[in-house]
Amino acid sequence: MDIHIKYMKRCIELATRGIRNTYPNPMVGCIIVHNNKIIGEGFHEAYGSSHAEVNAINSVINQDLLSKSTLYVNLEPCNHFGKTPPCTKLIIDRGIKNVIIGSRDPNSLVKGGGINTLISSGCNVEHGIMKDKCDELNKRFFTFHNQRRPYVILKWAESKDGFISPRKSDRNEQKIFWISNEQSKKMSHSFRSQEHSILVGVQTVIDDDPELTTRLVDGKNPIRIVLDPNNRIPNNSKVLSPESETIIFSKTKNLELKNNNQVISQFDLDSILESLYKKGIQSVIVEGGAYTIQKFLDNDKWDCIRIFKSNKNLNGGLVAPNYEVEKSKFTSIEDDKFYEIFKN
């Protein structure tokens with residue numbers, strides 16, 4: 001195995017420890033190598049805290065070895081003052097002459113500036129090591145900066161015979177009907193904990209009164225987003241609770257909201273995604289209902305589709321979004337099938 005690949009894989013492993021906690025920053029891992037031995041490592045643990053390079057450099061017991069070492073990092077070191085000073089300055093000040101980088105940073109505040117600064121200061125820099133894997137790790141961050149919108153995940157559960165929920169006459173009022181099994185439900189909540197926001201249409205709120213939290217797993221609650229063009233959301237809806245911020249997109253602003261919630265008077269899909277981008281929201285998981293999900297599908301506004309397909313039939317009800325998955329690979333979750341499809 002190429003030695004650079006071996007060490008970059010370790011950077012990626014470290015970076016994933018910061019998942020969901022670094023927004024709006026990317027996930028970054030860094031190691032320091034001396035004589036083919038890792039002598040320091042670190043990752044970006046949370047937004048506002050020290051960057052991965054700082055943590056890795058500070059973890060080295062014998063700082064005199066830094067000038068004879070190589071620094072590996074999965075994303076180009078920052079070159080600007082933000083919540084913390086630029087990492088390029090620390091690398092240069094500590095005399096590190098060899099720097100190996102995975103991805104170039106798409107953020108306009110960095111975007112090659114970190115690499116150029118290191119090179120102009122006499123550092124030997126290689127970049128593009130495991131680029132595809134490093135880009136994939138921070139696909140939300142890259143989509144946000146390159147496409148100027150959040151990374152969009154469409155998620156739903158459907159019955160074996162292709163229904164997303166039973167007929168209204170067959171279900172209890174104000175009680176969520178679960179199609180998928182318990183393990184799939186926990187997996188779904190784990191997915192929520194990894195994303196910046198979660199979006200549903202107002203009909204889902206009216207029919208199911210969901211909380212849209214991560215209550216089945218440990219993890220942060222995503223920002224809740226409700227598409228409510230005609231101002232129909234009930235004032236006692238659980239999505240308006242203080243567990244998380246809620247944003248409502250409506251054609252009117254006739255709602256009086258508490259708990260730091262807000263209403264935005266926009267409703268076409270491009271404007272909604274643009275508003276989320278301006279708010280710094282890097283990812284959104286769209287969970288329902290079928291009409292809302294289909295709207296994203298029809299407008300080709302998605303990056304990933306996740307489908308939990310149950311082994312049971314409903315024999316009627318609300319038809320699932322129109323997307324053919326039968327030829328796709330799946331993972332078995334007890335008696336459920338889980339499909340994950342990426343656009344690119």
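Let me begin with helix 8, because the largest share of the lining of the largest pocket, 5 residues, comes from that helix. Before going further I should say that this is a predicted model, and everything that follows is to be heard with that in mind. The pocket has a volume of about 890 Å³, and of the 44 residues that line this pocket, the closest to its centre are Thr204, Asp208, Glu287, Gly288 and Gly289. Besides helix 8, which spans 202–208, at least two residues of the lining come from each of strand 6, strand 7 (163–165), helix 7 (182–194), strand 8 (197–201), strand 12 and helix 10.

Two of the residues I just named deserve a second look, since Gly288 and Gly289 are joined by a cis peptide bond, with omega about -5°. Gly289 itself lies in the loop between strand 12 and helix 10.

Moving on into helix 10, we find Ala290, which counts as buried at 8% relative accessibility. What does Ala290 touch, if we leave out residues up to four places away in sequence? The contacts are Ile164, Leu318, Val319 and Pro321. The C-alpha atoms of Ala290 and Trp156 are separated by 8.2 Å, although the two residues stand 134 residues apart along the chain.

That brings me to Trp156 and the nonpolar interior. The largest nonpolar core holds 29 residues, and within this core Leu154 and Trp156 touch the most other members. Two or more residues of the core are given by each of strand 6 (151–158), strand 9 (223–227), strand 10 (246–249), helix 9 (269–278), strand 12 (283–288), helix 10 (290–298), strand 13 (304–309) and strand 16 (336–342). Again setting aside residues up to four places away in sequence, Trp156 touches Ile164, Ile293, Leu297, Ile305, Arg306, Ile307, Phe308, Ala320, Pro321 and Tyr323. There is also a second, separate core of 26 residues, which includes Ile32, Val60, Leu71 and Val125.

Let me turn to two of the helices and their packing. In helix 2, which covers residues 52–59, the buried residues include Ala52, Glu53, Val54, Ala56 and Ile57, and among the elements that cover the buried residues of this helix are strand 1 (29–34), strand 2 (37–43), strand 3 (70–75) and helix 3 (87–93). In helix 4, residues 113–120, the buried residues are Gly113, Gly114, Ile115 and Leu118, and these pack against helix 3, strand 4 (98–103) and strand 5 (124–127). Just after helix 4, Gly122 takes a positive phi of about 95°.

Positive phi values also occur away from glycine. Asn35, in the loop between strand 1 and strand 2, has phi near 50°, and Asn35 is exposed, with a relative accessible area of 67%. Met130, in the loop between strand 5 and helix 5 (131–137), likewise has a positive phi, of about 55°.

Next, the enclosed space. The structure holds 1 cavity of 30 Å³ or more, and the largest cavity has a volume of about 110 Å³. Of the 15 residues that line this cavity, Thr22, Tyr23, Met27, Asn138 and Arg140 are the closest to its centre, while helix 6, residues 139–147, gives the most to the lining, with 3 residues. Tyr23 is of further interest here, as the peptide bond from Tyr23 to Pro24 is cis, with omega near 5°, and Pro24 has its place in the loop between helix 1 (3–15) and strand 1.

I will finish with the aromatic rings, of which the structure holds 7 pairs. Why is the pair of Phe141 and Phe142 called edge-to-face? The ring centres lie 6.3 Å apart with the planes at 75°, and planes over 60 degrees apart count as edge-to-face. Both Phe141 and Phe142 are buried. Phe330 and Tyr339, by contrast, form a tilted pair, 5.7 Å centre to centre with 55° between the planes. In that pair Phe330 is partly exposed, with a relative accessible area of 41%, whereas Tyr339 is buried at 0%. The ring of Phe330 also has the charged end of Lys337 over it, 4.7 Å from the ring centre, and there is a further arrangement of this kind in which the charged end of Lys343 sits over the ring of Trp302, 5.1 Å from its centre. Finally, Phe191, Phe308 and Phe338 are linked by ring pairs into a cluster, and Phe308 is one of the residues that Trp156 touches.

Conventions. Residues numbered from 1 in each chain as written. Predicted model: local features only at pLDDT ≥ 70, side-chain atom pairs only at ≥ 80, totals over all residues. Heavy atoms only, no water. Phe/Tyr/Trp six-rings, centres within 6.5 Å; stacked < 30°, edge-to-face > 60°. Buried < 20%, exposed > 50% of the residue type's maximum accessible area, 1.4 Å probe, protein only. Lys NZ or Arg CZ within 6 Å of the ring centre and 35° of its normal. Core = buried A, V, L, I, M, F, W, Y, C linked by side-chain atoms within 4.5 Å. Helix = DSSP H or I, 4+ residues; strand = E, 2+ residues; numbered from the N terminus. Contact = heavy atoms within 4.5 Å. 1 Å grid on protein atoms, 1.4 Å probe; cavity = no way out; pocket = protein on both sides within 12 Å on 5 of 7 lines; lining within 4 Å. Points joined across faces, edges and corners; volume = space filled by probe spheres on them.
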